[in-house]
Every structure is written in structure tokens, then in C-alpha cells.
Amino acid sequence: MKDNNESYCIYPGSFDPITNGHINLIERGLHIFDKIIVAIANNLSKAPMFTVEERREMIRLAFANNPESHRIIIDSFDGLLVDYCRGKGVHVVLRGLRATSDFEYEFQMTFMNRKLDRTIDTIFMMTGMQWFFVNSSVIKQAAMSGACVSGLVPDIVCERLQEKLRSLKGKKTKPKGAENKADS
Ligand code: PNS
């Protein structure tokens with residue numbers, strides 16, 4: 001339940017998976033807002049590596065030892081972000097900006113959201129310098145090519161990436177019908 005005496009923002013994203021850049025932004029966002037709702041988009045137009053539940057679990061575990069974790073609410077949404085914001089009664093969206101290359105996309109999305117609902121505003125924070133080159137796609141690409149992404153994502157994400165890649169590899173190499181034979 002939302003407390004109206006507290007300031008809230010919604011930090012939406014795919015978080016597929018969460019990176020240290022996201023973590024940095026959430027931690028800094030907590031200096032400004034009392035509560036941050038980390039909203040995982042169940043974006044059907046993208047083919048995510050992790051399910052929403054897996055992403056939610058990684059975010060939860062990444063903040064498990066953070067004394068401020070009680071101020072972070074992890075949720076997911078389908079459909080339009082503005083509808084989700086309205087439903088929550090929150091009118092501020094937080095987004096991170098890394099390089100100017102992010103700007104065009106963010107600019108378009110912010111104006112579209114404002115066109116859809118003028119009561120919702122987006123505020124931007126620059127991503128921490130250390131994480132300028134980090135995003136979920138580059139992390140997945142690197143991990144899939146066998147690179148170590150430790151230090152760029154929380155440890156739990158490193159572990160889950162390895163598990164996921166092993167299970168995907170297993171599925172690829174399993175001969176047709178192998179699942180049925182093993183089951184019988
Ligand atoms: O981490 P991402 O993938 O850059 O996050 C993008 C996200 C999920 C915030 C954006 O795609 C989004 O808001 N999706 C929900 C649908 C929506 O409202 N789109 C904008 C108006 S068409």
C-alpha cells in the first residue's frame with residue numbers, strides 16, 4: 001500500500017538481467033525518493049533471456065544485504081508504462097542516461113509518455129561513470145561468448161547467467177527425443 005506522505009518514483013526497465021549500472025542508479029535514487037518501485041516490463045516485443053520471475057528474484061537477491069532494501073519495491077507490469085504509473089498513483093518515472101546514444105530513445109519515449117498522460121513526468125540521472133559502457137545486452141553478449149562479467153553485475157547475476165547458459169547449451173546439444181527416453 002502506498003503511503004502518501006512518502007515520495008515515490010517508478011524505475012522501469014527490462015532488467016534482463018539487472019546490472020551494476022542499474023544498482024548504482026537505484027541506490028542514488030534512494031537519496032532523492034523515499035521509495036523506488038523497480039518495475040520489470042513484461043515486454044512481449046523483446047525475447048528476454050530470463051523470465052520476469054527470474055529477473056525479479058535476481059533484483060531481490062542483489063539487494064538482500066542492503067540496509068535500504070525495505071525502500072525498494074520490486075514489481076512487474078504489462079502494457080503501457082503510463083497506465084501502470086497511474087494504477088500505482090505514482091507520477092514520477094526515473095530513467096538512467098549513459099551516453100548521448102541513449103538520448104534519442106529516451107527523448108522519444110518521454111514525449112510519447114507525456115502525450116499519453118500529461119501528469120506523468122520522467123526524470124533522468126546520469127549513470128555512474130564506471131558503468132557507462134554497461135547494459136544488459138552487452139552483458140548477455142559477453143557472457144554468451146564466454147567472457148567473465150564479474151564486477152559488472154551482482155554476483156547472483158553472474159551465477160544465474162552461467163546456469164542459464166549451461167541450460168541453453170544442454171537444450172541445444174540434446175538429441176531429438178532424448179527428453180522422452182530419459183523420462184521413461
Ligand atoms: O530497460 P529498457 O528495455 O530500456 O526499458 C524500456 C521500458 C521497459 C521502460 C519501455 O520499453 C516501456 O516503458 N515499455 C512499456 C510500454 C510503453 O509504455 N512504451 C512507451 C510508450 S509507447
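Helices (H or I, at least four residues) and strands (E, at least two) are DSSP runs, numbered from the N terminus. This is a predicted model, in which local features need pLDDT of at least 70 and side-chain atom pairs count only at pLDDT 80 or more, while totals for chains, interfaces and linings use all residues. Residues are numbered from 1 along each chain as its sequence is written, and side-chain values use heavy atoms, with hydrogens and water left out.

**View 1. An aromatic pair within helix α4.** Welcome to the first close-up. Phenylalanine 103 and phenylalanine 107 are both part of helix α4, four residues apart, about one turn of the helix. A search of the whole structure gives four aromatic pairs (ring centres of Phe, Tyr or Trp, the latter by its six-membered ring, within 6.5 Å; planes under 30 degrees apart are stacked, over 60 edge-to-face, and the rest tilted). The ring centres of phenylalanine 103 and phenylalanine 107 are 5.4 Å apart with planes at 40°, so this pair counts as tilted.

**View 2. Polar contacts to the ligand from serine 14, leucine 81 and arginine 95.** Here a polar contact is a pair of N or O atoms within 3.5 Å. A polar side-chain atom of serine 14 is 2.6 Å from a ligand oxygen atom. Leucine 81 uses a backbone N or O atom, 2.8 Å from an oxygen atom of the ligand, and arginine 95 places a side-chain N or O atom 3.0 Å from a ligand oxygen. Of the 550 Å² of accessible area that the ligand has on its own, the protein covers 77% (Shrake-Rupley method, 1.4 Å probe).

**View 3. The shell around the ligand, with 15 residues.** A residue belongs here if one of its heavy atoms lies within 4 Å of the ligand; the closest are Ser14, Ala41, Lys46, Leu81 and Arg95. Which elements give two or more residues to the shell? They are β1 (8–13) and α4 (100–116), and α4 provides the largest share, four residues.

**View 4. The loop between β1 and α1, home to phenylalanine 15 and proline 17.** Phenylalanine 15 has a phi near 50°, a positive value in a residue other than glycine. Also in this loop, which leads to α1 (20–29), is proline 17, joined to aspartate 16 by a cis peptide bond with omega of about 5°.

**View 5. The whole protein, with seven helices and five strands.** To place the close-ups, follow the elements from the N terminus on: β-α-β-α-β-α-β-α-β-α-α-α. The C-alpha atoms fill a box of roughly 60 × 35 × 35 Å, taken along the principal axes.

Notes: Polar contact = N/O pair within 3.5 Å; in protein donor to acceptor, adjacent residues only side chain to side chain.
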